[in-house]
Amino acid sequence: MRRLLDLYEIDGARHDDLISLAHDAAQRGWWEDYRDLPSPLANFIALESEATAAREWGSTVIPGLLQSESYARNVIGGWSDLATLPPQELERRLDVRMRRRELLDGPTPLELSAIIDEAVLRRRIGDHKVMREQLEHLYQMTERPNVNVQILPLDIAHSVLTESFILLEFSSVHDITFPDIVHTESLTISHFADEAVTYMYRLAYSSLSRQALDAAESRRRIAEVKEAW
């Protein structure tokens, strides 16, 4: 790379950017240790690790980055009833989910904004202990400056009814602007939406955010539901 830059007489900031890009390209992501994962999941993890911000709507379960270990174990275990995953594979999937949470730590943590349907807080996953631990964990996560959680109350008129989704946002790198990406899941399909559809999901997220409780009210609602468990 240095020889090519010398050949084309590239210097200054552009030279430094390209050298940095060459170094980045040589780094292996932690998810590469899990190459046997289904390709849609592996692709999502790779993109999520490069994102600078994520906006997530959770209509069925607590978003993955905010799940406690015991809650995640029960969620992943539920999929095993359908996919008949062996115990070792379940543990690997759980390990991947726990490692994904590290994105919220470090010097440049992921900025996560999540809107969660109140029904999710009241939907039992595992036993009562699992639910109390999960809601306590969620409450603690809301104290982080890079995490914003809003609860969509059950007792309001819902104008947007849609499946869970996550919108990943990327900062410009070396003068290259990367488009936002939306990832959705159903029982049998995991896919990414194209750019035109992504805009619709951004509008949906904005609408849900306006209807949801603000951060302070959401923290109080999480605490109230936790006590009920």
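## Two helix pairs and a few residues worth a look

Hi everyone. Let's begin with a crossing: helix H3 passes helix H5 in a left-handed manner. Before I go on, please keep in mind that this is a predicted model.

So, about that pair. H3 covers residues 39-50 and H5 covers residues 87-100, and their axes come within 12 Å, crossing at roughly 15°. With that angle, H3 is roughly parallel to H5. Which residues of the two helices meet? On the H3 side you'll find Leu 41, Phe 44, Ile 45 and Glu 48, and they meet Arg 93, Val 96 and Arg 100 in H5. Sorted by kind, the residues of this contact are four nonpolar and three charged, with no polar ones.

Let me step back to the whole protein for a moment. There are nine helices and six strands. The protein has 229 residues, and 41% of them are buried. Its accessible surface comes to about 13,000 Å², and carbon and sulfur atoms account for 52% of that. Now take the contacts with a separation of 6 or more: 75% of them are between residues 24 or more positions apart.

On to a second helix pair. Helix H7, residues 128-141, and helix H9, residues 215-228, have axes that come within 9 Å and cross at roughly 160°. That angle makes H7 roughly antiparallel to H9. The crossing of H7 past H9 is left-handed. H7 brings Arg 132, Leu 135, Glu 136, Leu 138 and Tyr 139 to the contact, while H9 brings Arg 219, Ile 222, Ala 223, Val 225 and Lys 226. Of these residues, six are nonpolar, four are charged and none is polar.

Let's stay with one residue of that contact, Leu 138, which sits in H7. Is Leu 138 buried or exposed? Leu 138 is buried, because its relative accessibility is 0%. Leaving out residues up to four places away in sequence, Leu 138 touches Ile 62, Leu 66, Ile 116, Leu 121, Val 149 and Ile 222. You can also find Ala 223 from here: Leu 138 and Ala 223 are 85 residues apart in sequence, and their C-alpha atoms are 9.5 Å apart.

Now follow the chain out of H7. Thr 142 lies in the loop between H7 and strand S3, which is 147-152. Thr 142 has a relative accessible area of 13%, so it counts as buried. Apart from neighbours within four places in sequence, Thr 142 is in contact with Val 147, Val 149, Arg 219 and Ile 222.

Another loop residue to look up is Ser 59, between strand S1 (53-58) and helix H4 (69-83). Ser 59 is buried too, at 16% relative accessibility. Setting aside residues up to four places away, Ser 59 touches Asp 117, Val 120, Arg 123, Thr 162, Glu 163 and Ser 164. How far apart are the C-alpha atoms of Ser 59 and Phe 165? They are separated by 8.7 Å, with the two positions 106 residues apart along the chain.

I'll finish with Glu 9, in the loop between helix H1 (2-7) and helix H2 (12-25). Most residues other than glycine have a negative phi. Glu 9 is not a glycine, yet its phi is positive, at about 55°. At 70% relative accessibility, Glu 9 is exposed, whereas Ser 59 is buried.

That's my tour. Thanks for listening!

Note on methods:
Residues numbered from 1 in each chain as written. Predicted model: local features only at pLDDT ≥ 70, side-chain atom pairs only at ≥ 80, totals over all residues. Heavy atoms only, no water. Axes fitted to C-alpha atoms, helices over the stretch in contact; angles between N-to-C directions. Helix = DSSP H or I, 4+ residues; strand = E, 2+ residues; numbered from the N terminus. Parallel < 35°, antiparallel > 145°, perpendicular 65-115°, else oblique. Left-handed = near helix turned anticlockwise from the far one by under 90°. Contact = heavy atoms within 4.5 Å. Nonpolar A, V, L, I, M, F, W, Y, C, P; charged D, E, K, R; others polar. Buried < 20%, exposed > 50% of the residue type's maximum accessible area, 1.4 Å probe, protein only. Areas by Shrake-Rupley, 256 points an atom, 1.4 Å probe, with all protein chains shown as cover.
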